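Colleague: I'm new to this one and would like a close look at a single part. Could you pick the biggest opening and walk me through it, then show me what else is worth a glance?

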Amino acid sequence: MLISSNTGVRVAGILFCLLSSVNGRHGSQRHNRAQKSTTSSSTDETIIFGSNETTALTSDGTTASIVVLDYGHNVEGLPTFEVISTSGDTSRFEISCAESKSALDSYMSDGPLPLAAAMDTYRVNQYNITAPSLITNRLIQGAFRYQKLNLSSAGSLQLRNIGVKPTTSTISVTQLPGSFECSDEDLTRIWATGARTVQLTEIPKNSIPDFLQVLDEGAYAESQAPQGLAGAVAAQLLNYRLDIQAKPVKGGFGVSVLCDTLNSCVYLSFNLDSHTITAHAGSTSLDTLLATSRLPNNTTLGTWHNVHIDIAMTSIVVTLNNLPILNLTQTSRYFGSFGFGASFGHAAYFRNLTASTPTGETIYTNQLTSPSFLSDFMMGANPADTIVDGSRRDRIAYTGDLDVALGAAFASTFGTPFIDGSLDLLGSYQATAGFFIPTAKIQQAPLGQPLETNLTGLIGYSFNFLSALAQNYEMRGNLTFAKQWAPKVSKMLDWANSQTLPNGLFNLADESFGGDWNYYDTPQSGVVTKFNVVYAYALQQSLPLLRDAGLNTTVYQTRLDTLRSAINTNLWNPDLNAYILSSTFTTGFAQDANALAILAGVPPSSNTTASILSTLARDLILPAGPLAFSNSTASAGFAQKISPYASSYHLRAAFSARDASTAMTLLKTLWAPMADPKHENYTGCFWETLNPDGTPGLGVVTSLCHGWAAGPTAELSRYVLGIQPVAPGFAEWKVEPQTLGLEWAKGRYPTVRGDIVVEWRLEGAMLRMEVESPAGTKGTIYLPEPLVTSLEQSVIRVNGVAKNGTQFEVNGGDAFVLTQEPLGAGLLA
């Protein structure tokens with residue numbers, strides 16, 4: 001997603017469909033389909049093969065030869081292949097990557113992806129092959145299921161061992177620290193699909209290569225979008241001068257100015273093939289065209305050119321070799337940083353970059369001949385393990401995703417280094433006022449001090465981040481962590497309190513702070529129910545961390561009680577049987593706001609909770625899953641989309657209220673189709689957003705491997721296995737399964753103290769249950785609900801001894817085998 005500091009949020013990505021011709025790099029097409037992937041391991045690396053057999057391509061220069069490889073599920077990493085033989089002209093060979101097969105119908109597939117330097121900008125890689133060789137890409141391709149091999153020049157190629165060298169975990173889901181299986185194949189697949197989504201969005205430290213190659217001659221860019229100079233000063237530049245030398249060696253080169261932190265810029269493409277300079281609103285030459293002008297005829301490849309650009313907010317004046325070539329007035333960008341790169345199919349060297357004020361004071365200068373400058377532009381390696389939003393888009397860390405992503409990780413990969421790295425990085429982006437910046441690129445170390453800024457966006461994400469911090473403490477019980485983070489948590493909560501009205505409600509006065517996960521909708525401001533309930537949830541979840549860190553939590557508990565009461569008094573609509581969207585839109589409601597209200601203990605009774613869940617089921621759930629907003633909100637500009645992210649909270653709320661019907665409906669309608677290998681858009685991962693008909697919700701740009709959609713992996717372990725901490729770090733724990741009408745379930749939940757393993761079965765209407773737990777802990781094991789045979793008609797035995805009651809205290813490490821027998825069975829024996 002893209003954050004615009006002055007207007008809230010807007011969609012990132014444009015779909016480009018180019019005509020199929022040889023000049024357009026396709027030609028008429030002859031298709032072949034290859035087998036699904038296999039994996040090969042050597043002593044030093046793993047390769048996942050799309051095809052390890054010989055693949056032949058032959059083109060006459062008019063009809064392109066095309067082979068589509070299907071890996072069967074999403075993979076990622078460094079594409080690689082072996083050239084066995086060549087003949088004729090093989091200079092126009094390309095490989096395109098795509099998460100969905102339909103994306104291959106567009107020349108640019110599901111790219112470009114210019115927001116960050118964590119992977120290749122373009123989903124199409126071009127190769128000029130002249131001899132047998134082993135080729136491995138230097139840059140990562142994010143998640144893809146399909147590759148399209150395309151030879152359009154008049155020649156022949158024979159290839160083999162076409163695959164990818166993964167940079168994320170390839171451990172089989174069945175071998176992860178956590179596990180889950182049950183008698184319902186859909187639910188088993190759902191858990192595993194979420195776990196695989198977690199794996200692909202956990203990015204190991206130092207796995208990202210330097211984005212640019214830095215040589216003695218300068219920094220070399222080839223088909224790579226510019227990345228803006230990082231830092232608060234650079235991001236707020238209004239008036240500056242830019243000087244850089246460029247030596248194009250193929251096609252041309254590019255320079256960007258007025259860039260925001262997620263690379264929305266004015267991009268200047270110097271095209272020596274057409275002898276034009278074009279200006280674009282974005283960061284590639286495929287973005288919206290702003291202006292075109294001619295380059296001097298003597299502008300040639302292979303020579304150094306001096307570029308000078310004067311930037312004064314809306315005015316951009318470009319000089320090339322002391323000749324004015326473009327004078328542009330635009331309104332797409334007003335302030336921001338600068339960078340350099342190359343449009344698709346272009347390549348160039350760069351050196352001697354200097355940015356200065358209009359009076360000549362140096363802002364930044366570098367010769368660009370040492371790799372040390374890469375970190376200035378966040379184009380170097382990633383120094384820590386981190387969790388990103390999506391494997392393909394955007395490969396950036398977001399505060400708002402972590403509450404869901406952490407829960408899924410704890411239940412499956414137990415990726416604590418990735419959790420730590422993400423919390424440290426994103427938590428360092430706290431403003432002195434208390435709120436957090438919602439996103440951070442992962443090619444940087446945590447900041448050393450708070451940010452001096454009064455701007456942010458996606459304010460709900462700051463509250464989500466507190467819930468993620470609280471969850472990490474709940475799961476791991478690290479008191480040092482609690483004491484380290486308590487000041488940051490209290491600072492955010494105190495800022496939120498400063499924004500409350502006399503009636504006790506949180507009021508977002510600045511619209512630029514608004515926006516949410518639904519970045520394609522109009523940002524909300526004022527008294528918004530979602531922001532109030534996510535604040536209440538953050539308060540509630542943070543109390544144990546603050547208390548154990550030594551803070552007096554009385555004031556925070558009082559604020560929570562006041563906030564709950566104010567929400568009920570002012571934001572409940574009895575006609576809707578739901579909490580309204582906002583104080584200015586009272587006839588519609590949001591799915592996640594009502595789910596979070598339940599989770600935050602806002603409804604005054606269990607009956608109110610049940611009525612809310614009934615309203616959500618009646619008004620939102622479609623055959624493809626639940627809408628994120630009620631139909632009436634469409635008149636206010638809210639898109640009718642299905643959000644696995646919002647639905648993750650809906651699912652959590654349903655389980656917490658023991659609403660088995662709603663929980664199963666959500667799992668079956670929304671997540672089960674995504675987890676079905678027979679689904680047209682199956683990737684083995686969960687998706688970012690869906691349309692009401694169940695198709696990817698943002699078209700070809702939709703991320704089909706998005707961590708915020710993996711909520712069921714956590715909830716199935718927490719509620720169907722029933723494993724939850726009672727005291728931080730599982731010093732005390734409980735097993736309280738909800739059966740959901742299943743015949744059996746079993747699985748393993750990793751904790752800092754050891755694994756908790758649960759298996760329960762309903763055999764012949766009788767329960768058998770076994771629990772293994774780590775020594776040195778205490779637990780309470782509850783009978784699963786509902787049972788098939790009532791307690792009045794049966795006898796419960798624990799380790800062979802008849803017991804009364806529905807819950808049983810155990811010491812960790814002790815055997816626990818529970819059996820249910822028909823009444824009188826022991827006497828008959």
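Modeller: Here is the pocket, followed by a few other places. A word on the model before that: it is predicted, with local features needing pLDDT of at least 70 and side-chain atom pairs pLDDT 80 or more, while totals for chains, interfaces and linings use all residues. Residues count from 1 along each chain as its sequence is written, and side-chain values use heavy atoms, without hydrogens or water.

The largest pocket (an open set of points on a 1 Å grid over the protein atoms alone, with protein on both sides within 12 Å along at least five of seven lines) holds about 1,000 Å³, counted as the space filled by probe spheres set on points joined across faces, edges and corners. Its lining (residues with an atom within 4 Å of a point) is made of 40 residues, and G231, A232, A235, T261 and Y429 sit nearest the centre. Strand 1 (2-4), helix 2 (232-235) and strand 29 (439-440) each give at least two residues to that lining; these are DSSP runs numbered from the N terminus, at least four residues of H or I for helices and at least two of E for strands. By class, the pocket lining splits into 19 nonpolar, 17 polar and 4 charged, with Gly counted as polar.

There's enclosed space too: the whole structure has 3 cavities of 30 Å³ or more, a cavity being where a 1.4 Å probe fits but cannot get out. The largest cavity has about 120 Å³ of space. Its lining has 16 residues, with D516, N518, Q524, F629 and F638 closest to the centre. That lining comes out as 8 nonpolar, 4 polar and 4 charged residues.

Now for helix 11, residues 644-656. Of its 13 residues, 12 are buried (under 20% relative accessible area, 1.4 Å probe, protein chains only), among them P644, Y649, H650, R652 and F655. The end C-alpha atoms are 18 Å apart, which agrees with the 18 Å that 13 residues should span at 1.5 Å a residue, taking one less than the number of residues. Just after helix 11, R658 has a positive phi of about 60°.

Last stop: S51, in strand 5 (residues 46-51). S51 counts as buried because its relative accessibility is 5%. A polar atom of the S51 side chain lies 3.4 Å from the backbone nitrogen of E53. Beyond neighbours within four places in sequence, S51 is in contact (heavy atoms within 4.5 Å) with L69, R160, N161 and I162.

Note on methods
Buried means under 20% relative accessible area, exposed over 50%, partly exposed in between (1.4 Å probe, protein chains only). A polar contact is a pair of N or O atoms within 3.5 Å; within protein, one must be able to donate a hydrogen and the other to accept it, and residues adjacent in sequence count only if both atoms are side-chain atoms.
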